[in-house]
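Hi,

Here is the model I promised to pass on. Have a look at it first, and then read my notes underneath.

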Amino acid sequence: MPQKTLSIIKPDAVKKHVIGKILQKFEENGLKIIALKMVHLKKEDAKKFYMVHKDKPFYESLVEFMTSSPVVVQVLEGENAVEKNREIMGATDFKKAKEGTIRKEFATDIEKNAVHGSDSTQNAEIEIEFFFKKENIFSY
Ligand code: CMP
């Protein structure tokens, strides 16, 4: 059974003009893009999306960062998509990310780490629903 996961190309990567290169990594690694859009998050959206981190010292800064430019949001589908996407992204801390991963290549900072990906199938469902209506998620 294929799984779905939510991915966000963050402001640092958008401003570096590497949207296409990042989407290519997903496609090359067997993750199908079944929904895609560019959005400029409002503070309230970013706060809600990252609510699990509200008590973390980096929360305010993260909200500022995520609203600093448009982001590109996509639903990825494939076998074991949640875990596979996490492998393709590399570690949250880009210094620990493996060669060939998105974060190794494009992240510059633990916060400005190029991409977000759901960390579980349960959160994937919640995060996909946060951004996409069912009719805007496709099958092909
Ligand atoms: P993400 O996978 O989107 O989940 C939470 C985000 O918080 C993370 O990527 C980073 O962009 C940001 N962040 C900033 N500082 C830290 C930190 N010390 N540990 C984890 N995430 C951090």
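Below is what I found, starting with the sheet.

This is a predicted model, in which local features need pLDDT of at least 70, side-chain atom pairs count only at pLDDT 80 or more, and totals for chains, interfaces and linings use all residues. Residues are numbered from 1 along each chain as its sequence is written, and side-chain values use heavy atoms, with hydrogens and water left out.

An open, antiparallel sheet is formed by 4 strands in the order 2-3-1-4. Strands here are DSSP runs (E, at least two residues), as helices are (H or I, at least four), numbered from the N terminus; two strands pair if DSSP finds at least two bridges between them. Strand 2 and strand 4 (115-117) are at the edges with a single partner strand each, so one side of each has no neighbour in the sheet. Strand 1 and strand 3 are joined by 8 bridges, and Pro-2 has Glu-79 as its bridge partner in strand 3.

Now to the interior. The largest nonpolar core (buried Ala, Val, Leu, Ile, Met, Phe, Trp, Tyr and Cys joined through side-chain atoms within 4.5 Å) has 20 residues, and Leu-6, Ile-8, Met-66, Val-73 and Phe-131 touch the most other members. Helix 4 gives the most to this core, 5 residues.

Helix 2 (residues 19-28) has Ile-22, Leu-23, Lys-25 and Phe-26 buried, meaning under 20% relative accessible area, with exposed over 50% and partly exposed in between (1.4 Å probe, protein chains only). On the face turned away from the buried side of helix 2 are the exposed Lys-21 and Glu-28.

Best wishes
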